[in-house]
Amino acid sequence: MKNPALSVRDLSVFIGDQAVVDRVSFDLYEGEVLALVGESGCGKTKTAEAIMGLLARDVKNRRTGSIRLGEQELMSMGEAEMRRIRGREISMVFQEPMTALDPVFSNGQQLAQQFRRHRGQSRSQARDSAAEMLTRVGIQDPERIMRSYPHQLSGGLRQRLIVAMAMACRPRVLIADEPTTALDVTTQAQVLEQMTKLGREIGTAILLITHDLGVVAQYGDRALIMRRGKLLENQPVKDLFAKPENPYTGSLIAAARELST
Amino acid sequence: MMAMARTFSRLRKDRSGLAGLSIVALFFLAAIAVWAGWLGQDWSAADGARWEGPGAAHWFGTNVLGQDIFERAVYSVRTAFEIGLVVALLSTVLGAVLGAVAGWRGDTWVDGAITWLKGVLDAIPFYLFVAAVAFALRGAPWAMHLAMVATFWTTTARLVRAEVLKIRSLDYVRSARAIGLPGVVILARHVLPNTTHILLVQGTIAFVAAIKTEVVLSFLGLGVQDGVSWGLMLAESTQEVLAGHFGNFIAASGMLFLLLLGLNLLADAMQDALDPKQAAL
Amino acid sequence: MKTQRPTPLLNVSEISLSYAGRGKQPFEAVRQVSFDLLPGEILGLVGESGAGKSTVASAVLRLQPLTSGKISFRGKDIANARSADSRDLRRRIQAVFQDPYSALSPRRTVRQSLVEPLDHFRMGDRDRRDAMIAKTIESVGLDTALLERLPNELSGGQRQRVALARALVCEPDLVVADEPVSSLDVPTQKRITDLILELRESLGIAFLFISHDIGVVRRLADSMAVMYAGRIVETGPTDRLLRHPAHPYTQALLQAVPVADPAQPAPRALDGEVPAVLTPASGCVFHTRCSEAFAACREREPAEVPVTDEHGTTSRHHRTRCHLWNR
């Protein structure tokens, strides 16, 4: 078994005295899609924030445990070091794309910026890389998209742009927190297909956070089920759906099947 | 009603707000006392010597005419509240109505007209404009009040208009329109009540601005004509200070400072307490 | 077997709605949309963002004027309703919208929100109104104790039920529900859709149910209409339409939904984007993304035709706007 790209051990996040994430442990391997599932409030977003060192800087927030990215221990890193890691070795994609895009710069400028900053490319190299990356996320007219601005794009295009920006630096890990929840179903299919394909090509390990079991079944290789801060299951997707270990998982699957076509 | 109760309970927890509220309440009681005839009635009696220092008979001393400074300062509280309340109420109401109409009819000529008017009024240097109106209407008893209301309404209107534009697209307004409620009813029943947080704070700010403006106008001789105010006292005091008599100046500016401090603390606390974003669910 | 459909409650006939574009061409949000709704029927209007579903809802609620076409309710044109008729119409057609957190006026109690339509339509005296409110609030599964509460004391699901009660309290014939459960979590969605079915059974109210979620519509709707870029591309009885989707867009929509079973085929993504300018140069609005487009698709907009199923029977009730079915 290869070494995991990301290794989390006994991660706990406390708000005051309450553990909103309670001793969660898992490994994330290169090129794999690990789905982190649970209902709202189960702690999945807090887990992602803890990994990225993005917990709100509040006296009440505390995290304990170990987060190893390859050889580096993230838990003990200061903000300056974490800033180097974020965006280069670990990237994140959120539900709402507009918060990550600057309305003042064109899409091409923002994407090219990623190549210049993280891959040290020149202006013209970066522009070519940007166009190529847009094609790789399935955008058919990259030149036009590069000239436009974020507010001119539809939700799906914006999200694909964000994925392009996140993957530009060939990160080891991509954390996607409900990336398609706000999108239409056909757009969701486009974005998830492109994102997971790109992940496999580049070798990025993807942590896909979602509440949608259909997404888990169709795009995940392995799945983690969380409830009230605790990790209940950690299984390959095929096994999870065939033989859930935990009755809670069973009830989630049953509910999802009822409301599907 | 429950919303008000909640607001008060939040206010109670804010110490500086409480301090502000106490100060304002004290001054308000003084104003009522003057209105009722219990205090400050001898403000015009020239029964002392010229420029007496503070003493038993005259707590703050006397001015150039031998009038008791303390009496005059206390009477001025009533003047201040009169101006403050009248201007605050009228300008807030006017601003609320015009702002609501502009916001409700956003992107039509009505909105355009009101916004244009706001822009024109705001472009004129404030004190110049108020002074000009007061001058033009001088002699008329409400000249000063009118001048202030005519300029103060614009800020309230701007804030209310922005809020109404937001509220207009909310579902509960859409539902009201869908059942056919007339626009006026929707504005009065569903929209304006949800702007009270803005109105209360703006009202308090207008109160403060009115008092400060009166000081300037009185300085220019365009303010209070019959009666006394801190502005008039300050105007008097310019000559006196040069002659080394500070009684008028200290009394007027001291009381003015205290009341304005109290009002500002109150306004800040109210803004925090009424902020819908901080409303507990 | 041809079944004669009785007189529809709502007849929407070839309606189009255009918005003034920003200085440029008018933007056609809805184009030649037609459908019927029988008394007590639930019609699911499905489609993705920008398809025009909410615009159709606004048109039926007369919140927006039609550019062309006609909408009739109980046989009469609603556009020209005069004041007494107009008021009656407003009572008989009610609305529920998507966001439970802005559905209710924040400073009005639940009771006040429910009294408002009764008061506006001058229904009943004080006692009768109290009775109607109590009955309605219970019929949506809420306790009368909630009547004195303010909206911010209620959960999202509860608020949406109050919104539904407000729509029902004046005894309408038709409720237009625009994404009423989309903001709610899955168990609450289920409860509210069950509630709607019960209300239809007991009160015979018709629903125009708009949603982007086919799973929800499948549980509720007797018939479905699928919208794309302002047009209805397919319409028919729910079961039939889902079992034999005729239009390539309907098929794509169904195939894009990820199923909670890894053994089932993976979702197929649909290439391309919804056309930016919603008045395409020519042809079928979907042809740029359609895997089965051929010459006619680029030249002429298809007419609505009945769909023939695998047994060769044509149902007048299952129709689609597609040249594939018109050869």
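## Strands β9 and β10

In this predicted model, strand β9 of chain A, which spans residues 222–227, runs antiparallel to β10(A), and six bridges join the two. Within this pairing, Ile225(A) has Glu233(A) of β10(A) as its bridge partner.

## The sheet of chain A

Both strands belong to an open sheet of six strands in chain A, ordered β6-β7-β8-β3-β9-β10, and the pairing is mixed. The edges are formed by β6 (90–93) and β10 (230–236) of chain A; each has a single partner strand, so one side of each is left without a neighbour in the sheet. From one strand to the next, the twist averages 15°.

A helix also packs on the sheet: α6 of chain A, residues 155–167, touches β6 and β7 (173–177) of chain A. The direction of α6(A) makes about 175° with that of β6(A).

## Contacts between the chains

Two pairs of chains are in contact, and chains A and C share the most contacts. Chain A and chain B, by contrast, are joined by no contact, and their closest C-alpha atoms lie 17 Å apart.

Between chain C and chain B, 17 residues of chain C are in contact with 17 residues of chain B. On the side of chain C that touches chain B, helices α2 (83–92) and α3 (110–120) of chain C each supply at least two residues. The residues of this side of chain C comprise nine nonpolar, four polar and four charged.

Conventions:
Residues numbered from 1 in each chain as written. Chains lettered and ligands numbered in written order. Predicted model: local features only at pLDDT ≥ 70, side-chain atom pairs only at ≥ 80, totals over all residues. Pairing = 2+ DSSP bridges. Helix = DSSP H or I, 4+ residues; strand = E, 2+ residues; numbered from the N terminus. Axes fitted to C-alpha atoms, helices over the stretch in contact; angles between N-to-C directions. Contact = placed C-beta atoms within 7 Å. Nonpolar A, V, L, I, M, F, W, Y, C, P; charged D, E, K, R; others polar.
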